[in-house]
Amino acid sequence: MDPLRRRIVLVALGVSVEVTADLVTTPGEGLVMAICTVRPDLKFGNVKVAVDCSLVAVAVVLSLGFLGRLDGVREGTVAAAICVGLLTKQFKKRLVPLEAALIR
């Protein structure tokens, strides 16, 4: 597995554990959790992809606007924005039964 894929998988696993534990979250996941709390019909992974892609789009616009060139956003950033949320959905499906078993 190449380093980019490995990082994306590890970040997605970390986000899944962080959210499943329902303890302190990072601001990015906190925003996603707040949106999911207000709109319970939305799934965490889907909202995470939307929020991350929106943040990448903002970074692209600001970079082009202030620097006149694209700086700091490359293919890894875009891949992570899309894949972390999708992988988080898959990991959460497997962590929920584990959480239920550990809490009993």
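This tour visits a loop residue, two helix pairs and one residue of helix α4 in a predicted model.

**First stop: the loop after α1**

Select Asp 22, which sits in the loop between α1 (3-21) and α2. Most residues other than glycine have a negative phi. Asp 22 is not a glycine, yet its phi is positive, at about 55°. Is this residue buried or exposed? Its relative accessibility is 53%, and because exposed means over 50%, Asp 22 counts as exposed.

**Second stop: α2 against α3**

Next, display helix α2 (residues 27-38) together with helix α3 (residues 44-67). Their axes lie 9 Å apart, and the two helices pack at an angle of about 125°. That angle makes α2 oblique to α3. The crossing in which α2 passes α3 is right-handed.

To view the contact itself, select Glu 29, Leu 31, Val 32, Met 33, Ile 35 and Cys 36 on the α2 side. On the α3 side, add Phe 44, Val 47, Lys 48 and Val 51. Colouring the residues of this contact by type gives 8 nonpolar, no polar and 2 charged.

**Third stop: α3 against α4**

Keep α3 in view and add helix α4, which covers residues 75-103. How do the axes of α3 and α4 cross? They cross at roughly 170° and come within 8 Å. The two helices are therefore roughly antiparallel to each other.

From α3, the residues to select are Phe 44, Gly 45, Asn 46, Lys 48, Val 49, Asp 52, Cys 53 and Val 56. Their partners in α4 are Thr 77, Val 78, Ala 81, Ile 82, Val 84, Gly 85, Leu 86, Thr 88, Lys 89 and Lys 92. By type, the residues of the contact of α3 with α4 comprise 9 nonpolar, 5 polar and 4 charged. Phe 44 and Lys 48 belong to this contact and also to the contact of α2 with α3.

**Last stop: Thr 88**

Finally, centre the view on Thr 88, a residue of helix α4. With a relative accessibility of 0%, Thr 88 counts as buried. What lies 2.6 Å from a polar atom of its side chain? The answer is the backbone oxygen of Val 84, a residue that also takes part in the contact of α4 with α3.

To complete the surroundings of Thr 88, select Ala 12, Val 15, Ser 16 and Phe 44. Thr 88 is in contact with these four residues, leaving aside its neighbours within four places in sequence. Phe 44 leads back to α3, where this residue was selected at the second stop.

Key:
Residues numbered from 1 in each chain as written. Predicted model: local features only at pLDDT ≥ 70, side-chain atom pairs only at ≥ 80, totals over all residues. Heavy atoms only, no water. Helix = DSSP H or I, 4+ residues; strand = E, 2+ residues; numbered from the N terminus. Buried < 20%, exposed > 50% of the residue type's maximum accessible area, 1.4 Å probe, protein only. Polar contact = N/O pair within 3.5 Å; in protein donor to acceptor, adjacent residues only side chain to side chain. Contact = heavy atoms within 4.5 Å. Axes fitted to C-alpha atoms, helices over the stretch in contact; angles between N-to-C directions. Parallel < 35°, antiparallel > 145°, perpendicular 65-115°, else oblique. Left-handed = near helix turned anticlockwise from the far one by under 90°. Nonpolar A, V, L, I, M, F, W, Y, C, P; charged D, E, K, R; others polar.
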